[in-house]
Amino acid sequence: MRHSFACFTLALTLCGVGARGQSKPGPPAPLTVIRAGTLIDGVSETPKRNQLIFVRGEHIEKVAEASAAIPSGTKVIDLSSATVLPGLIDSHTHIFLWGEDPAKGGYDANILKAGIALRAARATYAVRRALEQGFTAIRDVETEGAGYGDIEIKQAIEEGTIPGPRIFGATRAISTTGGYNLEGYAPELEMPKGVQIVDGPVEARKAARQQLEHGADWLKVYMTHRSWVDKQGNLVSQPTLTVEELKAIVDEAHGWQKKVACHAYNGIGLQRALDGGCDSIEHGLEITDAQIAQMQRQGTWYCPTISAYYGYWEPENTPAGKRDRARAAVHEISFKKALQAHLKIVYGTDMGGIPWTEPMAQEFQQMVKLGMTPMDAIQSATSRAAEMLDMKGEIGVLAPGAYAEVIAVSGDPLRDVGELEHVRFVMHNGAVFENDLAK
Ligand SMILES: [Zn+2]
């Protein structure tokens, strides 16, 4: 009802403009001022005390000292006893994935037991969960068999139908024959796959074009698939696309000024991901020193998603149990090496693989436990992620000209990064979505 009235009003306005033959700028959007006790702006290394954030419409107009004049009649949101930060960015989610718990049918149940309406309802829940936890932007790296659903959920958010964060969607993702679920069924059966399967550079380029045509903001490629521990105790991952296939995808994406995220655990597949020109390495469980150096040279982003490898381990003395333990063990080493080498690390959870009911901020604790400073971890989920998403200065920062994506917690996340699991104020695009701090 509200929308149809707005359309009617808009039509009248357009009529008026037409009749007068010129457009008149409307009145400026009302001003809101947020009083921040402590402000972490997403870029600076140290927080500031007692700041005012002036928000007009969807944007931050200015950030000033508490003594700055506030025009009379301005709405003031008092967060003077809280820590205020930019909206968080999760660079690795799956809004269409509803857990992979073996007791609930594992990954396959997502595709075999849930129809598209149920999956859309779950994705609607997921995006709301993200926003209410202070994640005002997500890079959603494939829909797991739900086609272009991420772009449609994004549309529903943008048109105001449902609440949710800004979405950078990768749509269907790409792998090769033998390179993705569903698998393990009778060979006579033509099973649906969680990704678009390609073989050869021509098919790879065509899939990239199809996904870009249908609105993909990023492309997601699987460069490794199965993994196991070999007789020498090493983690081995089956490679999927060849360098030639990947190069066709990267070339196509870059031509559209889009980027390519590569799921790559280790070994041959990770090497091909780097040689093929991937923009971000997802997971990167085991990265050699030479590969770290190559990532430095090429400016490759690293999205480690540590938490996802601690959620569930198969029993200890089974092949899968050994694999699960080996993954976590090498991952810790790689993360520490990446920190030392100052690789460009971005915050990612793999939510969806992790149930959406769990806290999205749990990855902060993992990163800090492995040696990252809380401020660095916060920047990995704010300004650094924004840069990867080509949104530098627009999101992930509290500064003039940025979108007003503002969150707050009551404690000090630099002392206890776990505070970020209790976000109590969320402003998205200048509108307050949640406020438990200043009623
Ligand atoms: Zn993932």
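# A walk from helix α4 to the zinc site and beyond

Let us start just after α4, where glycine 160 adopts a positive phi of about 85°. The model you are looking at is a predicted one, so please read each value here as computed from that prediction. Stepping back into the helix itself, α4 spans residues 149-158 and is mostly covered, with 7 of its 10 residues buried. Those buried positions are Gly149, Asp150, Ile151, Ile153, Lys154, Ala156 and Ile157. What do they pack against? Their partners are helix α3 and two strands, β6 (135-140) and β7 (166-169).

Two of these helix residues lead us on to the nonpolar interior. Isoleucine 95 touches Asp150 and Ile153, and its contacts beyond four places in sequence also include Arg122, Ala123, Ala126 and Val127. Further along the chain, isoleucine 95 meets Ile138, Asp140, Ile167 and Trp356 as well. Which residues touch the most other members of the largest nonpolar core? They are Ile95 and Phe364, in a core of 72 residues. Helix α3 supplies the largest share of this core, namely 5 residues. Apart from it there is another core, made of 18 residues, among them Ile34, Leu79, Ala402 and Met427. As a general background, nonpolar side chains in soluble globular proteins tend to be buried together.

Now to the metal. The zinc ion has three protein donors, His92 (NE2), His94 (NE2) and Asp350 (OD), which lie 2.1 to 2.3 Å from it. Along the chain, these donors follow the spacing H-x1-H-x255-D. Histidine 94 belongs to the loop between β5 (88-93) and α2 (106-112), while aspartate 350 belongs to the loop between β16 (344-345) and α10 (362-369), so this pair ties together parts that are 256 residues apart in sequence. Are histidine 94 and aspartate 350 buried or exposed? Both are buried.

The aromatic rings offer another route through the fold, with 7 aromatic pairs in the count. One of them joins tryptophan 98 and tyrosine 125 in an edge-to-face arrangement, at 5.6 Å centre to centre and with 75° between the planes. Tryptophan 98 is found in the loop between β5 and α2, and tyrosine 125 in helix α3 (residues 116-132), so the pair ties together parts 27 residues apart in sequence. Tryptophan 98 is partly exposed, with a relative accessible area of 36%, and tyrosine 125 is also partly exposed, with 35%.

A second pair to look at is tyrosine 107 with tyrosine 180, again edge-to-face, at 6.1 Å centre to centre and with 85° between the planes. Tyrosine 107 lies in helix α2 and tyrosine 180 in the loop between β8 (174-175) and β9 (196-197), so the pair ties together parts that are 73 residues apart in sequence. Why does tyrosine 107 count as buried? Its relative accessible area is 6%, and buried means under 20%. Tyrosine 180 is buried too, with a relative accessible area of 7%. Ring pairs link Tyr107 and Tyr180 with Tyr222 into a cluster.

Rings also meet charges in this model. The charged end of arginine 166 sits over the ring of tyrosine 403, 4.2 Å from the ring centre. In the other example, the charged end of lysine 344 sits over the ring of tryptophan 301, 3.9 Å from its centre.

For a polar partner inside the protein, turn to glutamate 252 in helix α6 (residues 243-255). This glutamate is buried, with a relative accessible area of 11%. Its side chain makes a polar contact with the side chain of arginine 209, at 3.2 Å. Leaving aside neighbours within four places in sequence, glutamate 252 is in contact with Arg205, Ala208, Arg209 and Leu212. In general, an α-helix has 3.6 residues a turn, so residues three or four places apart point the same way.

We finish in strand β19 (residues 431-435), where valine 432 lies. Valine 432 counts as partly exposed, at 37% relative accessibility. Not counting residues up to four places away in sequence, valine 432 touches Ile77, Phe425, Val426 and Met427. One of those, Met427, is among the members of the 18-residue core met earlier. Between valine 432 and alanine 404 there are 9.8 Å from C-alpha to C-alpha, and the two are 28 residues apart in sequence.

Technical notes: Residues are numbered from 1 along each chain as its sequence is written. This is a predicted model: local features need pLDDT of at least 70, side-chain atom pairs count only at pLDDT 80 or more; totals for chains, interfaces and linings use all residues. Side-chain values use heavy atoms; hydrogens and water are left out. Donors are N, O and S atoms within 2.8 Å of the metal (3.2 Å for Na, K and Ca); water is not among the atoms, so sites may look incomplete. Helices (H or I, at least four residues) and strands (E, at least two) are DSSP runs, numbered from the N terminus. Buried means under 20% relative accessible area, exposed over 50%, partly exposed in between (1.4 Å probe, protein chains only). Rings of Phe, Tyr and Trp (its six-membered ring) pair if their centres lie within 6.5 Å; planes under 30 degrees apart count as stacked, over 60 as edge-to-face and the rest as tilted. A charge sits over a ring if NZ of Lys or CZ of Arg is within 6 Å of the ring centre and within 35 degrees of the ring normal. A polar contact is a pair of N or O atoms within 3.5 Å; within protein, one must be able to donate a hydrogen and the other to accept it, and residues adjacent in sequence count only if both atoms are side-chain atoms. Contact means heavy atoms within 4.5 Å. A nonpolar core is a set of buried Ala, Val, Leu, Ile, Met, Phe, Trp, Tyr and Cys residues joined through side-chain atoms within 4.5 Å.
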